[in-house]
Amino acid sequence: MKKSFKGISSTALHSAINVNSEDAHLVPIYATSTFTYETTEIGIERFEGGDKDKIYSRWANPTCKAVEETIAALEAFGIKDIAGNDLQIKALLHSSGQAAMTTMFLSNLQSGDAIISHYSLYGGTYELLHKVLDNSGIKPFITNFNDIDEVEKIIIHNPSIKLMHIETPANPTNQCVDIEALSNLAKKFNLIVTVDNTFATPYLQQPFNYNVDFVFHSTTKFLNGHGTAIGGILLGKDIEFMKTKAWKWFALLGGNSNPFEAFLLLNGIKTLEIRMQQHCKNADQLANYLQQHQAIEKVNYVGLTTHPDYEIAKKQMRMPTPVFSFELKGGLQAGIDFQNKLQMCTRAVSLGTVDTLISHPASTTHVSVPREERIKFGITDGLIRLSVGIENIVDIIDDFEQALI
Ligand SMILES: *Cc1c(COP(=O)(O)O)cnc(C)c1O
């Protein structure tokens, strides 16, 4: 059943099993809450089966399953397991990145356990750890993951730490951490290792290369690519765990996706490779243009040799992420003016859509955060966050040129 391909686009296009009976070219939108069985025996077989297929759509849905198989194939692309066979990954498609993360943490941890993670986490992750999990008796330890000795010290002194959560590259400064070094350290202490691969996508970075246990994505971003749906996916290489405990928590917490949004996501994934190539090429040219501009103080793009994590990114990523930030010399007012003057690029938060998205955190997402607080997280007054789109680079640069006076 599992085919393997030599290229990423072929994997993205042909990894879903054919689930339709009417010879439709595309995977149909199976908008149905429940499934029929012709005989009791067929029903028994399905209820006893490990895949929980064709029973009830909170448990499994064929359109969602097509997405799960496709993203699993992309994350496992070209990776072998210890026996030398193609790595097998199982995925569960959720209603959002946050839902996928919730299933991931709650199916692996219980009250009394702790998580070790790092600064510059995605805001929703930071809050989930500090508000929801902490409140349920799962304590977060937050440290600097570029200081491996310090991480080791914290793990040694806190035996309640059961899981290490990594996010790389991270917002807004493109901070990258070494997945291999962290995973090796975590495995010395038998920790579960989880990675948020949203900013990279499986095209730019495959954490399963480094012996990690779980990867998750907000599929809302580059995997969907067109900004049409919120979604999240949890992927694991312990197939038995994914089919039993992770699936049970997924089904009971109720964070499943739906066939319509799964269909939109599946269509988006088909062009992941060519989109990422264009996003990355544009980002590189734009970062180099910005770096020499007199109105700009600093460009936080991990593809520049001046970035402190340039070497780490080069080691574990195919290309740098097309989401980065830069600081305007003129501070708060310059940020507001720059955003207002844009004529083509889109003023919006989020990332990973085909059009270029620009945001000025100090006047939007972080407007209610005290200035000293946000500056600690790298959100300076003149910081502009951008997700470079696939428009023609000349038009992106033209828009910046006229907005950056
Ligand atoms: C968007 C995002 C999330 C949360 O995903 P949602 O789909 O919005 O729930 C988590 N991590 C990162 C890095 C993100 O960018």
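## A two-domain model and its contacts

Let's begin with a pair of opposite charges: aspartate 51 and lysine 243 form a salt bridge, with their closest N and O atoms 3.6 Å apart. This pair ties together distant parts of the chain, since aspartate 51 sits in the loop between helix 2 and helix 3 while lysine 243 belongs to helix 9 (residues 239-253), 192 residues apart. A salt bridge here is a side-chain nitrogen of Lys or Arg within 4 Å of a carboxyl oxygen of Asp or Glu, and by this rule the count comes to 13.

Please keep in mind that this is a predicted model, in which local features need pLDDT of at least 70 and side-chain atom pairs count only at pLDDT 80 or more, whereas totals for chains, interfaces and linings use all residues. Residues are numbered from 1 along each chain as its sequence is written, and side-chain values use heavy atoms, leaving out hydrogens and water. Helices (H or I, at least four residues) and strands (E, at least two) are DSSP runs, numbered from the N terminus.

### The two sheets

Strands of a sheet pair through backbone hydrogen bonds, either parallel or antiparallel. For this model, two strands count as paired if DSSP finds at least two bridges between them.

One open sheet has seven strands in the order 1-7-6-5-4-2-3, with mixed pairing. Its edges are strand 1 (90-94) and strand 3 (139-143), each of which pairs on one side only. From one strand to the next, the twist averages 20 degrees. Strand 2 (residues 114-118) and strand 3 run parallel and are joined by five bridges, with alanine 114 standing opposite lysine 139 in strand 3.

The other open sheet to look at has five strands, ordered 8-9-12-11-10, again with mixed pairing. Strand 8 (296-300) and strand 10 (346-347) are the edge strands, pairing on one side only. Strand 8 and strand 9 (residues 323-328) run antiparallel, joined by four bridges, and isoleucine 296 is found opposite leucine 328 in strand 9.

Several helices lie against these strands. The table lists their contacts (heavy atoms within 4.5 Å) and their angles, which run from 0 to 180 degrees between N-to-C directions of axes fitted as lines to C-alpha atoms, for helices over the stretch in contact.

| Helix | Strands touched | Angle |
|---|---|---|
| Helix 3 (residues 62-76) | strand 1, strand 6 (214-218), strand 7 (232-236) | about 130 degrees to strand 1 |
| Helix 5 (residues 123-135) | strand 2, strand 3, strand 4 (161-167), strand 5 (192-196) | about 150 degrees with strand 3 |
| Helix 13 (residues 331-341) | strand 9, strand 10, strand 11 (357-359), strand 12 (383-387) | about 125 degrees to strand 9 |

### Where the domains meet

The protein is divided into domain 1 (8-269) and domain 2 (272-403), with bounds that come from an automatic or database domain assignment. Taken over C-alpha atoms, their centres are separated by 27 Å. Across the boundary, 34 residues of domain 1 are in contact with 36 residues of domain 2.

Together the two domains bury about 3,000 Å² between them, 57% of it on carbon and sulfur atoms. On the domain 1 side, Tyr203, Leu204 and Phe222 lose the most area to domain 2, together 27% of what that side buries. Buried area is the accessible area (1.4 Å probe) that two parts lose on being put together, summed over both.

Two salt bridges connect the domains. Glutamate 180 also forms a salt bridge, with lysine 315, where the closest N and O atoms are 3.1 Å apart. There are also 21 residue pairs in polar contact between the domains, both residues at pLDDT 80 or more. A polar contact is a pair of N or O atoms within 3.5 Å; within protein, one must be able to donate a hydrogen and the other to accept it, and residues adjacent in sequence count only if both atoms are side-chain atoms.

Helix 1 (8-14), helix 7 (179-188), helix 8 (201-204) and helix 10 (259-269) each supply at least two residues of the domain 1 side that touches domain 2. Helix 8 gives the largest share of that side, four residues.

### Backbone details

Most residues other than glycine have a negative phi, and most peptide bonds are trans. A cis peptide bond joins threonine 168 and proline 169, with omega about -10 degrees. Another cis bond links asparagine 171 and proline 172, where omega is about -15 degrees. Proline 169 lies in the loop between strand 4 and helix 7, and proline 172 is likewise in the loop between strand 4 and helix 7. Aspartate 23 has a positive phi, near 60 degrees, and is placed in the loop between helix 1 and helix 2 (40-48).
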